[in-house]
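Let's take a walk through a protein together, starting with single residues and then stepping back to see the whole thing. Keep the 3D view open as you read.

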Amino acid sequence: MRSLGRLSGLILLATVCARPAVAHPAPFSYLDVRLSSSAMDGTLVLHDFDVAHELGLATPDALIDPLAQPAYVPQITALVHGRLAMFADGREVLWNITGIRALSDRSGIELAWRAPVTAPVGHLTVHAALFPYDPSHQTFVNLYEGNVLTRQDILNAQRASAEYYTGGRQGALAVFKAFTAAGVHHIAIGPDHILFIIGLLLLGGSVLRLLGIVSAFTLGHSITLSLAALNLVAPPARIVEPAIALSIVFVGADNLLSSPGARDVRAWIALFFGLVHGFGFASVLREIGLPPRALGISLFSFNLGVEIGQAIIVFTVASLLAVVRTRSPTRAHQLVVAGSILVMAAGAYWFVQRIWQNT
């Protein structure tokens with residue numbers, strides 16, 4: 001009997017201790033954003049349990065009590081303003097809460113909000129980290145243009161921000177600007193791509209020859225970039241990244257082994273390995289996220305940005321090499337040898353490093 005009594009006591013204790021966990025509602029918030037030519041507005045629905053926790057309340061009862069709720073409006077306003085931010089075309093949206101009401105049937109609080117805008121929005125960024133105390137919390141975002149639902153997304157602790165591009169001219173222009181800049185940026189911070197291009201240019205040649213080499217590289221990476229970004233072909237990074245490193249080793253070795261008067265095959269090398277580098281470019285696009293309604297513009301713009309970055313590299317490197325060759329052919333040859341060895345060494349290092357990281 002004593003054993004039975006102890007067992008009953010343990011069950012009762014476990015039941016009492018489990019009640020707060022059961023009382024915790026699903027960790028979700030809901031944000032609706034409506035865009036028009038002159039304003040942004042919408043609603044934000046929060047669970048009263050989460051709000052009560054953040055305000056230090058023992059229970060959420062006061063938050064859904066019509067008489068007690070007004071006393072907590074300033075605290076609720078400060079809470080959400082500090083954890084929800086929106087940016088329209090790079091400028092922070094100064095949104096204001098226009099009303100708060102309790103949703104008793106949903107154990108929630110609905111906040112109506114509004115923000116004036118001076119022009120139609122093309123690019124919208126939403127950042128929501130509403131309840132960081134709960135790592136499983138999610139914010140469901142619905143984006144409306146007029147009365148049409150155009151995008152849905154989920155933000156969480158691992159992904160607290162999302163980018164949206166609207167339809168029409170403003171959205172297309174925003175996509176063009178953002179993805180062109182992303183293409184230039186990726187070339188600027190990609191030493192492997194830069195070194196591959198430099199390796200192709202070390203042997204020099206006429207302006208038309210160099211343009212043909214770079215154009216072949218462009219053609220190659222444009223094909224695979226488009227295929228991978230559209231998820232038609234998507235080889236894993238553990239294969240692509242070491243292959244990019246090997247391409248750098250190859251182009252350096254080709255420079256050292258080529259003899260005067262031999263056929264220049266750099267354009268074919270650029271075309272073939274451009275296909276490999278395109279998969280590397282595509283990984284960046286997947287991280288950024290392609291706007292579903294502007295796939296063509298985003299792909300074109302990113303490629304354009306890559307080409308602008310490449311053009312700057314080609315112009316700078318080719319000009320410097322031409323100056324050296326004009327002043328001292330011997331120094332120019334020494335530069336080709338030293339540069340090719342450096343290219344090979346860097347490529348070999350990256351190859352070993354990337355293979356090691358993937359094992």
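Tyr 30 is our starting point, and this residue is partly exposed, because its relative accessible area is 31% and that class runs between the 20% and 50% cut-offs. Bear in mind that you're looking at a predicted model. You'll find Tyr 30 in strand β1, which covers residues 28-35. Now look for Glu 110: along the sequence it sits 80 residues from Tyr 30, yet in space the two C-alpha atoms are 9.2 Å apart.

Next, hop over to Gly 274, in helix α8 (residues 266-288). Is Gly 274 buried or exposed? Gly 274 counts as buried, because its relative accessibility is 0% and anything under 20% falls in that class. So what is Gly 274 in contact with, leaving aside neighbours within four places in sequence? The list is Phe 217, Gly 220, His 221, Thr 224 and Ile 269. Thr 218 is worth finding too: it is 56 residues from Gly 274 in sequence, but 6.7 Å away in space, going from C-alpha to C-alpha.

That brings us to helix α6, which takes in residues 207-229. With its 23 residues, α6 reaches 32 Å from first C-alpha to last, close to the 33 Å you'd expect at 1.5 Å a residue. Just after α6 comes Asn 231, with a positive phi of about 60 degrees. Why point that out? Most residues other than glycine have a negative phi.

Asp 89 does something along those lines: its phi is positive as well, near 55 degrees, and it isn't a glycine. Asp 89 belongs to the loop between β3 (84-88) and β4 (91-92). It is partly exposed, with a relative accessible area of 33%.

Another loop to visit is the one between β9 (148-155) and β10 (161-165), where Ala 157 lies. Ala 157 counts as exposed because its relative accessible area is 52%, and the cut-off for that is over 50%. Being exposed doesn't leave Ala 157 without partners: not counting residues up to four places away in sequence, it touches Pro 135 and His 137. Asp 134 is 23 residues from Ala 157 in sequence, with 8.7 Å between their C-alpha atoms.

Let's look at one more helix, α7, made of residues 237-257. Its 21 residues reach 30 Å from end to end, C-alpha to C-alpha, close to the expected 30 Å. Several α7 residues are buried, among them Val 240, Pro 242, Ile 244 and Gly 252.

Now zoom out. How many helices and strands does the protein have? There are ten of each. The C-alpha trace spans about 95 × 65 × 35 Å along its principal axes. A compact globule of 359 residues would have a radius of gyration near 21 Å, but here the value is 29 Å. As for burial, 41% of the 359 residues count as buried.

Remember those pairs that were far apart in sequence? Taking contacts between residues at least 6 apart, 72% join residues at least 24 apart. On the outside, the accessible surface comes to about 19000 Å², and carbon and sulfur atoms account for 66% of it. Finally, there are 23 positive and 21 negative side chains, and the centres of these two sets lie 10 Å apart.

Methods:
Residues are numbered from 1 along each chain as its sequence is written. This is a predicted model: local features need pLDDT of at least 70, side-chain atom pairs count only at pLDDT 80 or more; totals for chains, interfaces and linings use all residues. Side-chain values use heavy atoms; hydrogens and water are left out. Helices (H or I, at least four residues) and strands (E, at least two) are DSSP runs, numbered from the N terminus. The radius of gyration is taken over C-alpha atoms; the globule rule is 2.2 Å times the number of residues to the power 0.38. Buried means under 20% relative accessible area, exposed over 50%, partly exposed in between (1.4 Å probe, protein chains only). Contact means heavy atoms within 4.5 Å. Accessible areas come from the Shrake-Rupley method with a 1.4 Å probe; for residues, only the protein chains shown count as cover. Lys and Arg count as positive and Asp and Glu as negative; His and the chain ends are not counted. The place of a charge is taken as NZ of Lys, CZ of Arg, CG of Asp or CD of Glu. The expected span of a helix is 1.5 Å times one less than its number of residues.
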